[in-house]
Amino acid sequence: QDKELKKVTHNMMAYRIINSDGTIIADNDDDGEAAAGSRLAHLLEIVGAENVIVVVSRWYGGILLGPKRFKYICNVARELLVKCQLIR
């Protein structure tokens with residue numbers, strides 16, 4: 001197993017599933033990175049992502065990023081959704 005993966009500090013995730021009857025099942029988890037999961041969930045909602053789960057892993061490198069960490073977390077998630085052609 002990759003040694004770097006063992007050092008991951010936070011695995012933040014959010015998912016958004018649309019049932020055949022149109023109901024939405026959505027949830028998120030911060031994994032200790034306060035508010036990060038809800039930011040990812042909000043991103044999935046505003047871009048209209050359907051039937052997707054996104055997980056962003058963050059390693060602590062010794063520098064506190066403050067609130068701008070949310071920009072990085074959401075940007076990497078958005079880039080993945082675009083790359084996977086789940087959003088435009």
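A positive charge is taken to sit over an aromatic ring when NZ of Lys or CZ of Arg lies within 6 Å of the ring centre and within 35 degrees of the ring normal. In the predicted model described here, Arg 39 meets this description with respect to Phe 70, lying over the face of the ring at 4.1 Å from its centre. The overall architecture is presented before this pair is examined in its surroundings.

The protein chain has 88 residues, of which 26% count as buried. Its secondary structure consists of 2 helices and 3 strands, and the order of these elements from the N terminus is β-β-α-β-α. Taken along the principal axes, the C-alpha atoms occupy a box of roughly 45 × 30 × 25 Å. When contacts between residues at least 6 apart in sequence are considered, 63% of them link residues at least 24 apart. The predictor's confidence, expressed as pLDDT, averages 90 over the chain, and 91% of the residues reach a score of at least 70. Among the elements, the highest mean pLDDT, 98, belongs to strand β2 (residues 24-29), and the lowest, 94, to β3.

In soluble globular proteins, nonpolar side chains tend to be buried together. The largest nonpolar core of the present model comprises 15 residues, and the members that touch the most others are Met 12, Leu 40, Leu 44, Val 56, Ile 73, Ala 77 and Leu 81. At least two residues of this core come from each of β1 (10-18), α1 (36-46), β3 (52-58) and α2 (69-83). The surroundings of Leu 44 show how distant parts of the sequence meet. Apart from neighbours within four places in sequence, Leu 44 is in contact with Ala 14, Tyr 15 and Arg 16, with Ala 49, Val 52 and Val 54, and with Leu 81.

The two partners of the charge–ring arrangement are found in separate helices. Arg 39 belongs to helix α1, whereas Phe 70 is placed in helix α2. Their exposure also differs in class: Arg 39 is partly exposed, because its relative accessible area is 40%, while Phe 70 counts as buried because its relative accessibility is 9%. With residues up to four places away in sequence set aside, Phe 70 touches Ala 34, Ala 35, Ala 36 and Arg 39. On the same basis, Arg 39 is in contact with Phe 70 and Cys 74. Distances to other parts of the chain place the pair in a wider frame. Between the C-alpha atoms of Arg 39 and Leu 86, 47 residues apart along the chain, the separation is 18 Å. Phe 70 and Thr 23 are likewise 47 residues apart in sequence, and their C-alpha atoms are 28 Å apart. As regards contacts between aromatic rings themselves, the structure holds 0 aromatic pairs.

The loop between β2 and α1 contains Glu 33. This residue counts as buried, because its relative accessibility is 5%, under the 20% cut-off. Beyond residues up to four places away in sequence, Glu 33 touches His 10, Met 12, Arg 58, Arg 69 and Ile 73. Two of these contacts, Met 12 and Ile 73, are with residues listed among the core members that touch the most others.

The structure holds 0 disulfides. Cys 74 takes part in no such bond, and the nearest cysteine sulfur, that of Cys 84, is 16 Å away. A disulfide is a covalent bond between the sulfur atoms of two cysteines. The sulfur of Cys 84 has its closest cysteine sulfur in Cys 74, and because these atoms are 16 Å apart they are too far from each other for a bond. In terms of accessibility, Cys 74 is buried, with a relative accessible area of 17%, whereas Cys 84 counts as partly exposed at 44%.

Positive phi angles occur at two positions that are not glycine. Asn 51, in the loop between α1 and β3, has a phi of about 55 degrees. At 47% relative accessibility, Asn 51 counts as partly exposed. Gln 85, in the segment after α2, has a phi of about 60 degrees. Gln 85 is exposed, because its relative accessible area of 72% is over the 50% cut-off.

Key. Residues are numbered from 1 along each chain as its sequence is written. This is a predicted model: local features need pLDDT of at least 70, side-chain atom pairs count only at pLDDT 80 or more; totals for chains, interfaces and linings use all residues. Side-chain values use heavy atoms; hydrogens and water are left out. A nonpolar core is a set of buried Ala, Val, Leu, Ile, Met, Phe, Trp, Tyr and Cys residues joined through side-chain atoms within 4.5 Å. Buried means under 20% relative accessible area, exposed over 50%, partly exposed in between (1.4 Å probe, protein chains only). Helices (H or I, at least four residues) and strands (E, at least two) are DSSP runs, numbered from the N terminus. Contact means heavy atoms within 4.5 Å. pLDDT is the predictor's confidence in each residue, from 0 to 100. A disulfide is a pair of cysteine sulfur atoms within 2.5 Å. Rings of Phe, Tyr and Trp (its six-membered ring) pair if their centres lie within 6.5 Å; planes under 30 degrees apart count as stacked, over 60 as edge-to-face and the rest as tilted.
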